Amino acid sequence: MMAITHAAIATAGVSLFLGTAAPLPLGLAVLGSQLPDVDTTTSLIGQICFPISSWIEDRYPHRSITHSLVATVTLTAISLGIGFTLGAIKPWLALPLGHVLACFADCFTRQGVQLFWPVPVWAISVGNPKRRICTGGPGEYWVLSIAIAILVTGLWLAGAGGVQTQVNQGLGLRDGAIATYNRNAATAEVYADIIGVWNHDRTDATGSYLILGNEGSEFIVTDGKGVYKTGESIIVEKLVTKAGKLTQRATKTLSLNDQDIAAALGNLMNSYPGNSIYLSGSIVVDFPEEIQTVSDGQQLETIAVSGESVTLDYHPVELAIAQLNDQWATGTITALILE
């Protein structure tokens, strides 16, 4: 096969198997796909590595030792050693993976390969020679086109979390939803498309909710009217996450030492005009009996009062200012700011 066909097959396979679109593993896949042909001086890699290629060519038939599983195992050992040293094993697995994919692809050619060298047996996938691929022939260009299409699909899937994430999402499995959220939350809005019912009355809760955060395998979400928790406020039948528009998340810690909390929160809002802000943390106030907390049985209880202590959990800042007006507080609050 042509060098470009080997490269396309190898990068397509690596992008799918490793779930990556990163330059390093794809580059290593290309290198690995060319290494089998180092056994001939007429190949691209053979011309680049001419002394080595010439030495191998004089001693071994084409598509024998360098096209074998022995060579793949050797490359695997080298790659694992380099990856372990650099602390990044997964990208370096692309090198032997690209090699073995190239060798497997050559099994479909007229000559085949000695895949199990030193056993002198040629591995040929198609019994009829007329149906085997001829280098540079029409059949190879069809293979090249298919490989490029698979590569494009693999790169798209890698950007969406890989094959496993997409399968999990399609099945509504929570692992895929969490993976999508973790991958995109720092740079984009992430929404949960939920099919389910409200826990308190079993009415329909199906809709798209902005994810504020997660607690284990459950999500804290909002529809702009309230804050809810899956598994608690909403009984979920199916949940799929998706990335929305690009945005930035920021957190800011407020340390209060017997301070006017409404004033402090007002200053926070003035520093981030137009942004949604949600508060979490615990404070001690002087007049807890004056704090009015209302629960409709549907929303997550984002504020709780126990003695003089007030606990906030993704509590909207506007509501906090109204409820904690004229309170002097001591404690720490973390503000989640959605820009």
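## Asp326

Asp326 is exposed, because its relative accessibility of 54% is over the 50% cut-off. The model is a predicted one, and in it Asp326 sits in the loop between α12 and β10. Helix α12 covers residues 317–323, and strand β10 covers 328–338.

The backbone of Asp326 has a phi near 70°, a positive value in a residue other than glycine. Most residues other than glycine have a negative phi.

## Negative surface patch

Which residues gather with Asp326 in a patch of negative charge on the surface? They are Asp258, Asp286, Glu289, Glu290 and Glu308. The patch thus named consists of Asp and Glu residues, with Asp326 placed in the loop that separates α12 from β10.

## Tyr314

A positive phi is also found at Tyr314, where the value is near 55°. Tyr314 belongs to strand β9, which runs over residues 309–316.

Is Tyr314 buried or exposed? Its relative accessibility is 15%, and the residue counts as buried because this is under 20%. Asp326, in contrast, counts as exposed at 54%.

## Nonpolar surface patch

Leu69, Phe116, Val119 and Val121 make a nonpolar patch of about 340 Å² on the surface. Leu69 is located in helix α5, which comprises residues 69–86.

The relative accessibility of Leu69 is 33%, so the residue counts as partly exposed. This class lies between the cut-offs of 20% for buried and 50% for exposed.

## Cis peptide bond

The peptide bond between Trp117 and Pro118 is cis, with omega at about 15°. Most peptide bonds are trans.

Where is Pro118 found? Pro118 is part of the loop between α7 and α8. Helix α7 takes in residues 94–106, and helix α8 takes in 138–159.

## Domains

The chain is divided into domain 1 (3–158), domain 2 (166–244) and domain 3 (249–338). How many Å separate the centres of domain 1 and domain 2? Taken over C-alpha atoms, the separation is 42 Å.

The features described above can be placed by these bounds. The range of domain 1 includes Leu69, Phe116, Val119 and Val121 of the nonpolar patch, as well as the cis bond between Trp117 and Pro118. The range of domain 3 includes the residues of the negative patch, among them Asp258 and Asp326. Tyr314, with its positive phi, also falls within the range of domain 3.

Note on methods. Residues numbered from 1 in each chain as written. Predicted model: local features only at pLDDT ≥ 70, side-chain atom pairs only at ≥ 80, totals over all residues. Heavy atoms only, no water. Domains from an automatic or database assignment. Patch = residues over 30% accessible without salt bridge, like charges linked within 9 Å, V, L, I, M, F, W, Y side chains within 5 Å. Areas by Shrake-Rupley, 256 points an atom, 1.4 Å probe, with all protein chains shown as cover. Salt bridge = Lys/Arg side-chain N within 4 Å of Asp/Glu carboxyl O. Lys, Arg positive; Asp, Glu negative; His and termini not counted. Charge placed at Lys NZ, Arg CZ, Asp CG, Glu CD. Helix = DSSP H or I, 4+ residues; strand = E, 2+ residues; numbered from the N terminus. Buried < 20%, exposed > 50% of the residue type's maximum accessible area, 1.4 Å probe, protein only.
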